[in-house]
Number of protein chains: 2
Amino acid sequence: MGAAIATYLVPNNGKLEQKAEQIALGLTVGSWTDLPEVDQQQLAKHKGEVVSVQEVSEEQGLISISYPSVNFSADIPAILTTVFGKLSLDGVVKLIDLDFTPELARRFPGPTFGNLGIRNLLEVSERPLLMSIFKGILGRDLSFFEQQLRAQALGGVDIVKDDEILFDNPTSPFEQRITIAKKVLQETEQVTGETTLYAVNLSGRSIDLIEKAKQAVYLGASALLFNVFTYGLDTLQALVEDKDISVPILAHPSFGGAITASASYGVSAPLWYGKLLRAVGADLVLFPSPYGSVALERDAALGIANELNLPHEFWKKALPVPSAGIHPALVPKLFEDFGIDSVINAGGGVHGHPAGATAGGRAFRQAIQATQKGIPLIEAAAAHTELAEALRIWGGAS
Amino acid sequence: MGAAIATYLVPNNGKLEQKAEQIALGLTVGSWTDLPEVDQQQLAKHKGEVVSVQEVSEEQGLISISYPSVNFSADIPAILTTVFGKLSLDGVVKLIDLDFTPELARRFPGPTFGNLGIRNLLEVSERPLLMSIFKGILGRDLSFFEQQLRAQALGGVDIVKDDEILFDNPTSPFEQRITIAKKVLQETEQVTGETTLYAVNLSGRSIDLIEKAKQAVYLGASALLFNVFTYGLDTLQALVEDKDISVPILAHPSFGGAITASASYGVSAPLWYGKLLRAVGADLVLFPSPYGSVALERDAALGIANELNLPHEFWKKALPVPSAGIHPALVPKLFEDFGIDSVINAGGGVHGHPAGATAGGRAFRQAIQATQKGIPLIEAAAAHTELAEALRIWGGAS
Ligand SMILES: [Mg+2]
Ligand SMILES: [Mg+2]
């Protein structure tokens, strides 16, 4: 029989064992010691069990509870309701981790493509991938879209993603973005010799998403961007599990801060963006980098990447995409922090290059190549104009 | 042209105007003053506008921004992504309120039944409704279910709801709970002369919910309970908008604390449980009462009820269901705080009655009747054994 083991951060009230017992019973069979023995026999397999109780400090404690999977259906809504439904409303408590036993873990798909699958599509191995974002696209027409896409692809960007706030709209409709991107990327591939994926923002009503995603694939979309937390993790899982939606899915952390930002409430970033998104099948996961103004703490960001990259019996590895505040001078740091199985993602760091987005992309690729070879950027810049200009703008030139 | 006007609580950094401008631009067109005039003309209708900036204290400020609805599709995922997507990840900020202009508000259904529709079903007017919850149901068989349901209905409970942690399971399957409830409630109606609704917990995979809900209605379900926040608000809206799902829907606040519990991050309780759940069409909304151990602050609880009850051009009124810690002695207080257009909901306060759940239901109905007539409970108890016993247990007897 499987189980979900939840770990909670709670205030240390000096009675952590008692609190743990209350949670284990309160969220499962309700009561125990006052039950007749015949009822205890019937309910034994449903009873939550305290796995561990640990004082972290004088102020805080960690409590782990195992919830038998016989209590819930094998879906994220039932599991979240079980382990953090009523409890989320019951005072100061943060859900830090959630472990699935193998019987339960295998019920979740994990990524369809994952790290290796995406590398196969791109024919790129042994370097971090490069992603960039449209800039100031809201309200612009399709020619603006086409021009920005071309410039990014020509710069050697592997994946170009929609802005997450660009929805289906009359000025740049979803379907036309896909067909234009298909044409543009076929053309740039002739020039660069490289494949570029375009991640179109899948948006609209939940009930239409599956058909819309299938239509996107039919029209030639090469990837999907999805604001998963405004829909629900299970909705992403349904997209992942549909065999006709045969493209990688990028999960955007939009609205995620509402759940992860507090130190005392909600859900930890490594669990929310890392383990759970991988379980339901995100191929790539965007999250705030530890470097920019929209920043996540270093431990949290590395924790997410770790969850996406850990070996797992059933789930492929997903690609971490630390985002915001990324520019070419940060590439060695990104290698150090996130390794080669990650995506270097920039907006301003590509479009803000003095010579334009194509040069911006090239500067990143030059920085990546140099770092792979162990060459300091400043040395590599001597032979690469675009990188040299980037380092002058963003630092690292001297 | 419509708009969504979002209000944020932020730290007062002494530069609130500047922060407000940054948000208004950053979440829409990106930049403004450095744009050529021709671009400004193209983008003017997309630009976010600062509506107001207010210092609340030396520590905190409120900022209101209007987001033109041309920027997003008229659905909750697009709106939440626009107003609190990236921003939720950007430092200390809480989404306090969200106003829709009429053009936008009319795109959301509001409750199908609402307060009056539910009263019509029950043929009850001018008193708060009475709801109760199954107790210790996890792992129990269908005969236990049947017995508890009957006892509650015979006590005069208007709506009996499933425990939100009871999912579809082999011991008490969803479909069998519905068919048994239909039979039991037809029988109890012969005894009490009153209609009782049973809210079955609609659970499982998102993609199956519509068909499952239709099947529930076909089998005779009289209401649905839904853990909306583990699925997504838009998923609830899809259930509401399906004409074949012709029964009231109770939204459960499960997992909601992950979004609303922090004072500095996430979303305010009146917006999350009140305005937004009403917009997408919940007929009844459960939330922690201000009285129990799982408690919401009084202002927040009253704020939710207020949002559900306010007159609105397009949306029917939804019924607030303050829950947890409710017993018969609290009835006058519940009248005072939530008025007659609310639901009095108890678990332990019904099942914990010394003479059983039927007596527990009766004690509540006696307390409600007395309070309606302006009779103090202690006086009413002289003529009503069940109420007298309840007051002895839960206080209010002297
Ligand atoms: Mg963006
Ligand atoms: Mg419950």
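Buried area here is the accessible area, with a 1.4 Å probe, that two parts lose on being put together, summed over both. I note that definition before anything else, and I note that this is a predicted model.

**Entry 1: chain B against chain A**

I looked up the chain interface. Chain B and chain A bury about 5,300 Å² between them. Carbon and sulfur atoms carry 59% of that area. I then asked which three residues of chain B supply the most. They are Leu89(B), Arg205(B) and Phe255(B), which give 14% of the area that chain B buries against chain A. For the contact itself I listed 62 residues from chain B and 62 residues from chain A.

Next I went through the charged pairs. The rule finds six salt bridges across the interface of chain B and chain A. I picked out Asp39(B) and Arg140(A), whose side chains meet in a salt bridge at 3.2 Å, N to O. For polar contacts across this interface, the rule gives 16 residue pairs, with both residues at pLDDT 80 or more.

I mapped the chain B side onto its secondary structure. Helices that each supply at least two residues include α2 (37-43), α3 (76-84) and α12 (269-280) of chain B. The strand β10 (266-267) of chain B is also among the elements with at least two residues there. Which element gives the largest share of the side of chain B that touches chain A? I found α3(B), with six residues.

**Entry 2: two domains in chain A**

I turned to chain A alone. It is divided into domain 1 (3-105) and domain 2 (114-394). I have their C-alpha centres 36 Å apart. The contact takes 18 residues from domain 1 of chain A and 21 residues from domain 2 of chain A.

I looked up the area next. Domain 1 of chain A and domain 2 of chain A bury about 1,500 Å² between them, and carbon and sulfur atoms give 63% of it. In domain 1 of chain A, the residues that lose the most area to domain 2 of chain A are Ile76(A), Lys94(A) and Ala105(A). Together they make up 36% of what that side buries.

How many salt bridges cross the interface of domain 1 of chain A and domain 2 of chain A? The rule finds two. I also noted the salt bridge in which the side chains of Asp97(A) and Lys275(A) meet, 2.8 Å from N to O. Polar contacts across the domain interface come to 11 residue pairs, both residues at pLDDT 80 or more.

On the domain 1 side, the elements of chain A that give two or more residues are α3 (76-84), β4 (94-100) and α4 (102-105). I marked β4(A), which gives the most, with seven residues.

**Entry 3: the magnesium sites**

I checked ligand 1 in this entry, then ligand 2. The magnesium ion (ligand 1) is coordinated by Asp163(A) through OD and Glu164(A) through OE, at 2.4 to 2.5 Å. The magnesium ion (ligand 2) has Asp163(B) (OD) and Glu164(B) (OE) as its coordinating residues, at 2.5 Å.

Are these coordinating residues buried or exposed? I used the cut-off of under 20% relative accessible area for buried. Asp163(A) counts as buried because its relative accessible area is 15%. Glu164(A) is at 5%, so I logged it as buried. In chain B, Asp163(B) has 16% relative accessibility and therefore counts as buried. Glu164(B) is buried too, with a relative accessible area of 6%.

Terms used
Residues numbered from 1 in each chain as written. Chains lettered and ligands numbered in written order. Predicted model: local features only at pLDDT ≥ 70, side-chain atom pairs only at ≥ 80, totals over all residues. Heavy atoms only, no water. Donors = N, O, S within 2.8 Å, 3.2 Å for Na, K, Ca; no water. Buried < 20%, exposed > 50% of the residue type's maximum accessible area, 1.4 Å probe, protein only. Domains from an automatic or database assignment. Contact = heavy atoms within 4.5 Å. Salt bridge = Lys/Arg side-chain N within 4 Å of Asp/Glu carboxyl O. Polar contact = N/O pair within 3.5 Å; in protein donor to acceptor, adjacent residues only side chain to side chain. Helix = DSSP H or I, 4+ residues; strand = E, 2+ residues; numbered from the N terminus.
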